[in-house]
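This report addresses confidence, strand pairing, helix burial, a pocket and one loop residue in the structure shown below.

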Amino acid sequence: MILAASLRLFRNARSIMARQSDARIVPLPALRLAGEVALEAAFAERRSVREYTRDPLTLAEVAQLLWAGQGATQSGARRTVPSAGALYPIELYLLSGDVTGLETGLYRYRVIGHDLVELSRQDLRAELADAALGQDQVKVAPAVIAIAGAVARTASKYGQRATRYVLMEVGSAAQNIHLQAAALRLGTVVIGAFRDARVMQVLGMSDEESPFCIMPIGRPR
């Protein structure tokens, strides 16, 4: 069963690579490894924020948030989030609605290369908000990050414990994004109430991936 799941994952990954071979790649700004807010201050200031101003985000801010959630460290050998067996099942999707320097649309974050693969030029925030049981903050936030995971990627080594391990990684990624948002004086909230199948449809996710949480991001109102 584990072998079959691994083979399906491999075939699906090849299919995704084929579909994305001609996709537009958006380079992201260089990372900032030293900020103005101490880690302890980010802990203290972290809150669930559901109301945002109409001000846009910058591409540099979005890049920093994506890197915090799943970025490469040590020349790509490791990431910002621990992973069981270094199998890295987490995938980050970005919905851009009002980000300076980035066109409206749907993107997938590529860890190696620190860039974005354009998946759609449509503004899908309203559709994702509908999938999230009508939560307006998803529709009005200038950007939304969705965290998905390919459990089969971890199950290839850890079997039935895979779901547990992937959930641990999702929690780590979400907390990293939340703390980075606090350090950037941005607001976000972790959303887990949504219709899985509809989220997968909106984001064009593969059958091997499962949506785990949605994080709208904006400037606190």
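The model is predicted, with a mean pLDDT of 90 for the protein; 90% of the residues reach 70 or more. Over residues 1-19, by contrast, the pLDDT is below 50. Beyond near neighbours in sequence, this stretch has 14 contacts in the model.

**Strand pairing**

Strand 7, which spans residues 105-110, is mostly covered, and five of its six residues are buried. Strand 7 has antiparallel pairings with strand 5 and with strand 8. The two pairings are set out below.

| Partner of strand 7 | Residues of partner | Sense | Bridges | Residues standing opposite |
|---|---|---|---|---|
| Strand 5 | 90-96 | antiparallel | four bridges | Leu 95 and Leu 106 |
| Strand 8 | 115-120 | antiparallel | five bridges | Ser 120 and Leu 106 |

Leu 106 thus appears in both rows: it stands opposite Leu 95 and also opposite Ser 120 in strand 8. Strand 7 and strand 8 form a hairpin with four residues between the strands. In this hairpin, Gly 113 adopts a positive phi near 110 degrees.

**Helix 6**

Helix 6 covers residues 151-158, and its buried residues are Val 151, Ala 152, Thr 154, Ala 155 and Tyr 158. These residues lie on the same side of helix 6 because they cover an arc of only 160 degrees around the axis. In an α-helix there are 3.6 residues a turn, so residues three or four places apart point the same way. Gly 159 follows helix 6 and has a positive phi, near 55 degrees.

**The second largest pocket**

The second largest pocket holds about 320 Å³ of space. Its lining is made up of 15 residues, and those nearest the pocket centre are Val 37, Leu 39, Leu 179, Gln 180 and Ala 183. Helix 2 (39-45), helix 3 (59-70) and helix 7 (162-183) each contribute at least two residues to the lining. Helix 7 supplies the largest share, namely four residues.

**Pro 56**

Pro 56 is located in the loop between helix 2 and strand 2 (57-58). Is this residue buried, partly exposed or exposed? Pro 56 is partly exposed, because its relative accessible area is 29%, which falls between the limits of 20% and 50%. Leaving aside neighbours within four places in sequence, Pro 56 is in contact with Asp 98, Thr 100 and Arg 219. Pro 56 and Ala 143 are 87 residues apart in sequence, while their C-alpha atoms are 8.6 Å apart in space.

Terms used: Residues numbered from 1 in each chain as written. Predicted model: local features only at pLDDT ≥ 70, side-chain atom pairs only at ≥ 80, totals over all residues. Heavy atoms only, no water. pLDDT = per-residue confidence, 0-100. Contact = heavy atoms within 4.5 Å. Buried < 20%, exposed > 50% of the residue type's maximum accessible area, 1.4 Å probe, protein only. Arc of directions from axis to C-beta. Pairing = 2+ DSSP bridges. 1 Å grid on protein atoms, 1.4 Å probe; cavity = no way out; pocket = protein on both sides within 12 Å on 5 of 7 lines; lining within 4 Å. Points joined across faces, edges and corners; volume = space filled by probe spheres on them.
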